[in-house]
Amino acid sequence: MFKRLPNFAVTNQFGLFLLVIFFVLFFSFFTDGFSSRFNLFALSRVVAIDIMIGLAMMVVILTGGLNLSLGALGVSAAMFGGWLMETVGIPIIPAMLLTLAMGGFLGWINGYVTVKTGVHSFIVTLATMSIYFGMMTLFTEAEAFRKLPETFTDFGSLKIFNKYVSPLLLVSIFFVFLLFYFFKFTDLGRKLIAAGANPDAAELSGISVGQMFIYCHILSGLLAAVAALMLTSRIGAAIPSMAGNLGFDWLLPAFLAPVLGGTLLSGGKVTVFGTMLGAILVTLITNGLYLIEIGEFWIRFFLGIILLLAVLLDKAREFFAQKSNVLS
Amino acid sequence: MNNLCLEIKEASKKFPGVLALHNADFKLKKGSIHALLGENGAGKSTLIKIITGLYKQDSGKLLINNVETSLNSPTEAQNRGISVVHQERNLIRRFSVGENLLLNDLPKNKFGLINYKLVFERSKEWLELMDLNIDPRTVVSDLTVAKMQLCEIAKALSIKSKILLLDEPTSSLSPQETEHLFTVLQKIVREEDVSIVFVSHKLEEVFELCDQVTVLRDGKNACTSESINKLTRQNLVKLMIGREEQIIKSEKKVVSDQKTVLRLEKINTELGHHDINLTLGKGEIIGLYGLVGSGRTELAKCLLGLEKIVSGQIKINGNEVRLDSPKTALDRFKIGYISEDRKKEGLILMHNVLENAGITIWSKIKSFLSFLSDKAIHAKVDPFIRELEVKTPSYSQLISNLSGGNQQKISVAKWLAAGTDILIIDEPTVGIDIKTKSYIHELIIGLAKKGTSIVLISSDMPEMISLADRVIVMKNFKIEGNEPNSHNYADMSSKIMAYIHD
């Protein structure tokens with residue numbers, strides 16, 4: 001029975017897919033308005049951002065680390081973008097590119113400090129989370145940018161496919177395919193995975209592991225900036241508290257999506273499509289529970305439970321992986 | 001009445017697709033040192049795991065002191081007096097020797113706190129039994145591998161184990177350390193009423209130490225609890241591999257016209273290497289011999305730029321170079337390193353065959369936008385995997401599912417694919433069965449013939465003498481001797497040992 005293990009990830013993703021279908025059917029039957037045009041559109045806008053947040057965390061989990069500063073980093077980058085667009089008055093496209101550059105730069109700081117000091121990324125990003133958020137609040141004086149160019153904010157409220165879907169979701173799906181291609185078919189993508197899976201062996205095979213880990217953090221920062229830009233476009237303003245205090249609101253979906261999707265917490269394994277499915281599942285459940293009107297506390301309760309179950313699943317995967325090692 | 005303390009009767013164990021054990025028998029007499037032999041994949045590990053309670057046999061019986069027993073966990077096996085001794089794995093490295101020995105039953109004072117005075121007193125007795133002259137307050141991580149191993153045995157005895165399983169106990173010990181271990185083993189068998197199961201690939205040791213032998217081949221008994229006196233080395237090899245052993249020797253080469261590829265001049269390193277001078281010719285195999293801890297692997301790591309070189313020069317093809325990382329070593333100077341620890345440093349166990357074999361050439365064969373396809377990698381590595389006759393159902397098989405020998409072949413294949421000029425090979429045949437071992441020996445000789453220069457690090461004297469053109473002896477991070485290989489075992493081994501023990 002262990003022989004099938006290489007396909008375990010596949011079956012895991014298939015299981016996720018079935019769960020998604022199950023909850024779609026469940027909420028369609030048992031709630032009012034789940035399958036309404038309005039709700040599905042709202043859902044697609046949220047899912048789009050949760051996918052990006054999940055991917056941003058996934059690429060750091062790949063190194064066996066994590067990025068607690070994800071929310072703070074994303075919001076900082078988006079506030080920078082808002083300032084560029086509103087105060088400086090730079091055109092949208094260059095402003096967005098500079099925002100991504102800012103995200104990448106903040107990610108680089110995380111990676112550089114982690115690699116050069118050898119301190120676990122948990123501590124490093126816990127510190128930078130506070131630093132980034134603090135600096136951002138200082139520079140913006142906690143004021144939002146509410147007069148962003150209309151072309152930018154309109155995109156977030158645009159409806160396509162018979163007004164059922166937000167184009168933001170297409171952006172996320174584009175990134176999903178881009179990352180899938182990157183990890184599967186490029187030299188750099190493979191090196192990142194190898195470095196995460198066994199740093200010693202990768203180093204001795206001629207891969208600069210430190211550099212690879214820094215790249216992962218840069219990538220995480222970039223993706224977080226994308227997520228934050230999408231959120232800004234959706235809300236129609238860049239608001240310092242849009243990811244909660246210190247960016248905390250992002251952390252739960254950030255971990256849930258990749259862990260549910262089958263990314264190993266010990267590093268060395270990514271599942272891009274799994275992370276997407278994980279994000280969809282989490283958003284779906286949250287949305288459905290809102291519609292059932294069981295109250296905010298219960299939703300948090302359930303999300304916590306799901307994260308614990310997902311972590312147990314991760315442990316089970318490791319256990320089975322070890323079992324198959326014992327065999328040889 | 002017989003005097004068996006452990007007996008396995010017709011045990012079978014099946015894994016998906018493999019019958020790991022098929023009606024295997026095993027009889028351990030009280031007070032005996034019993035060799036368990038077999039090639040990798042012959043079923044030794046499965047049998048050991050049944051004896052230690054890690055696996056349960058599908059059919060067959062397990063008897064302890066002639067009573068049929070079932071063991072459901074390693075703890076249960078331990079409670080019944082069966083212990084496995086690994087090299088240093090079961091010790092807590094930051095704890096003292098004394099704490100480790102008595103960890104399961106630390107003596108307490110009347111307040112329920114640990115009585116350290118008593119801990120060190122009691123553990124001292126066990127250490128003396130092992131002829132170990134160390135202070136029980138020493139922290140385990142400060143010990144040599146050999147001493148850790150003896151501590152493990154002491155720990156097993158302290159919990160009243162009567163059956164000890166030793167799995168490849170000598171693979172990283174020097175001849176002297178091995179000698180000491182054997183003396184201790186014979187003593188505890190005599191004085192402590194202990195029986196030992198000894199697993200090793202080194203047949204010389206089996207003849208020296210053991211009185212009985214069981215050989216497994218393809219999950220079945222090739223012989224069961226045979227008295228060692230009735231067998232010769234040739235008999236044993238034939239039982240293990242089903243045919244006669246072929247002994248490979250590199251021929252003597254004319255060294256005069258060799259171009260020097262690598263030259264180390266007065267190298268001092270941060271790790272403590274002192275005044276290292278070394279040359280390596282094109283197509284030459286130099287052997288680095290020395291005890292564990294003499295600085296051989298460490299020297300290799302300095303060459304790869306993983307550790308700092310404080311002074312001295314490295315010249316490659318006559319030009320002075322700076323090696324700052326394995327990446328530089330590989331990309332610019334075509335230096336490769338096959339690690340002694342293939343599971344930790346050589347391979348990525350959770351990845352498949354293709355990923356592992358191709359890792360060194362990804363950068364080289366990527367195309368536009370860094371695009372890299374499995375097909376392109378496959379085309380590059382396939383000839384080498386075929387040449388090495390790696391047994392794997394497919395290239396998408398996970399490395400962790402291959403046998404040790406095949407894993408080693410993959411860790412060699414990736415460097416063949418990389419096309420290196422200088423290859424540092426560290427303990428290439430530790431824990432490898434005889435068939436694969438001679439295969440890898442042939443391969444090393446073949447590589448050198450084709451012009452690859454090889455630095456061979458090995459603690460296996462016969463291997464060293466059959467492969468190396470020159471043997472360089474290291475001791476305490478210094479080079480003590482540089483001896484052209486005469487390929488005469490007696491002559492060479494005495495010369496080498498003289499450098500180590502002058």
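This report walks through the cores, one central strand and the chain contact of the structure above. The model is a predicted one, so please read everything below in that light.

**The cores**

A good place to start is the largest nonpolar core, which has 176 residues. The residues with the most contacts inside this core are A:Met52, A:Ala56, A:Ala227, B:Ala413 and B:Leu456. Its largest share, 18 residues, is supplied by helix 10 (residues 209-235) of chain A. On the chain B side, domain 2 (260-334 + 421-431 + 453-502) and domain 3 (342-419) both give residues to this core, so it lies between them.

To see the core from one residue, take A:Met52. Leaving aside neighbours within four places in sequence, A:Met52 is in contact with A:Ser172, A:Phe175, A:Leu223, A:Val226, A:Ala227 and A:Met230.

A second core, separate from this one, has 64 residues; B:Leu71, B:Leu173, B:Leu185 and B:Leu216 are among them. As general background, nonpolar side chains in soluble globular proteins tend to be buried together.

**Strand 8 of chain B**

Next, have a look at strand 8 (residues 195-199) of chain B, where 5 of its 5 residues are buried. In a regular strand the side chains alternate between the two faces of the sheet. Here both faces are covered: B:Ser195, B:Val197 and B:Val199 are buried on one side, and B:Ile196 and B:Phe198 are buried on the other.

Two strands of chain B pair with strand 8, as the table shows.

| Partner of strand 8 in chain B | Sense | Bridges |
|---|---|---|
| Strand 3 (residues 33-37) | parallel | 4 bridges |
| Strand 7 (residues 163-167) | parallel | 5 bridges |

Individual residues help to place these pairings. B:Phe198 in strand 8 is the bridge partner of B:Ala35, while B:Val199 in strand 8 stands opposite B:Asp167. Strand 7 and strand 8 of chain B also belong to a right-handed β-α-β unit, together with helix 6 (residues 175-191) of chain B.

**Where the chains meet**

How many residues does each chain bring to the contact? Chain A brings 28 residues and chain B brings 34 residues. On the side of chain A that touches chain B, the elements giving two or more residues are helix 8 (187-197), helix 9 (199-204) and helix 13 (296-327) of chain A. Helix 8 of chain A gives the most to this side, with 6 residues. Sorted by class, the side of chain A that touches chain B has 12 nonpolar, 9 polar and 7 charged residues.

How values were computed:
Residues are numbered from 1 along each chain as its sequence is written. Chains are lettered from A and ligands numbered from 1 in the order in which they are written. This is a predicted model: local features need pLDDT of at least 70, side-chain atom pairs count only at pLDDT 80 or more; totals for chains, interfaces and linings use all residues. A nonpolar core is a set of buried Ala, Val, Leu, Ile, Met, Phe, Trp, Tyr and Cys residues joined through C-beta atoms within 7 Å. A residue is buried if 20 or more other C-beta atoms lie within 10 Å of its own, exposed if 12 or fewer, and partly exposed in between; C-beta atoms are placed from the backbone. Domain bounds come from an automatic or database domain assignment. Two residues are in contact if their C-beta atoms, placed from the backbone, lie within 7 Å. Two strands pair if DSSP finds at least two bridges between them. A crossover is right-handed if, with the strands pointing away from the viewer, the path from the first strand over the helix to the second runs clockwise. Ala, Val, Leu, Ile, Met, Phe, Trp, Tyr, Cys and Pro count as nonpolar, Asp, Glu, Lys and Arg as charged, and the others, Gly among them, as polar.
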